[in-house]
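Thanks for coming, everyone. Please pull up the sequence and the model on your screens, and we'll walk through the fold together.

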Amino acid sequence: MVQESLTNALRHAGGAAVDVTLAHDRAATSVEVRNGPRLSGNAAPDPGLGGVGSGRGLRGIAERVRVFGGEFSAGPADSGGWVVRAVVPAGLGQHTAPLVIQQPGASQPLDRDTVEGNEGSAP
């Protein structure tokens with residue numbers, strides 16, 4: 001989430017300052033990435049970043065956060081700029097969402113028990 005948010009700020013916020021806040025306690029881990037408004041004179045996205053992205057980055061983060069029972073938000077900040085927030089509850093090993101890993105060349109996905117029972121071997 002931080003990487004995607006920093007890339008978006010670099011691409012779209014024209015050199016604005018970015019603050020990253022990470023907090024963790026027994027209940028949850030929270031992340032906030034906030035950038036200020038675009039600096040005047042920096043109206044165009046950075047051409048070195050390959051133009052506009054796919055538009056799936058924040059949507060993908062939201063899906064992954066929600067799979068683990070978390071909350072996600074992204075949008076304009078009150079002070080200008082943009083803010084991305086996620087809160088993921090602690091105890092992810094106990095979540096109920098299915099873990100499915102598709103091994104290249106395999107006829108069916110591996111399930112959580114297969115992966116956890118074979119720690120040390122790469123799927």
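So, the sheet: in this predicted model, four strands form an open sheet in the order β1-β2-β4-β3, with antiparallel pairing. The edges are β1 and β3, each of which pairs on one side only. From one strand to the next, the twist averages 5°.

Two helices pack on this sheet. Helix α1 touches β1, β2 and β4, and its direction makes about 5° with that of β2. Helix α2 touches β3 and β4, and there the angle is about 155° with the direction of β3.

Let's look at the strand pairs in turn. Strand β2, residues 28–35, and strand β4, residues 82–89, are joined antiparallel by eight bridges. If you click on V31, its bridge partner in β4 is A86. On the β3 side, residues 71–76 run antiparallel to β4 with six bridges, and A74 has V84 as its bridge partner in β4. The hairpin of β3 and β4 has five residues between the strands, and G80 there takes a positive phi near 95°.

Now back to α1, residues 2–12. Which of its residues are buried? They are S5, N8, A9 and R11. Looking down the axis of α1, these buried residues fall within an arc of 165°, so they line one face of the helix. What do they pack against? Their partners are β1, β2, α2 and β4. Just after α1 comes G14, which has a positive phi of about 55°.

That's my tour, and I'm happy to take questions!

Conventions: Residues are numbered from 1 along each chain as its sequence is written. This is a predicted model: local features need pLDDT of at least 70, side-chain atom pairs count only at pLDDT 80 or more; totals for chains, interfaces and linings use all residues. Side-chain values use heavy atoms; hydrogens and water are left out. Two strands pair if DSSP finds at least two bridges between them. Buried means under 20% relative accessible area, exposed over 50%, partly exposed in between (1.4 Å probe, protein chains only). The arc is that of the directions from the helix axis to the C-beta atoms. Contact means heavy atoms within 4.5 Å. Axes are lines fitted to C-alpha atoms, for helices over the stretch in contact, and angles run from 0 to 180 degrees between N-to-C directions.
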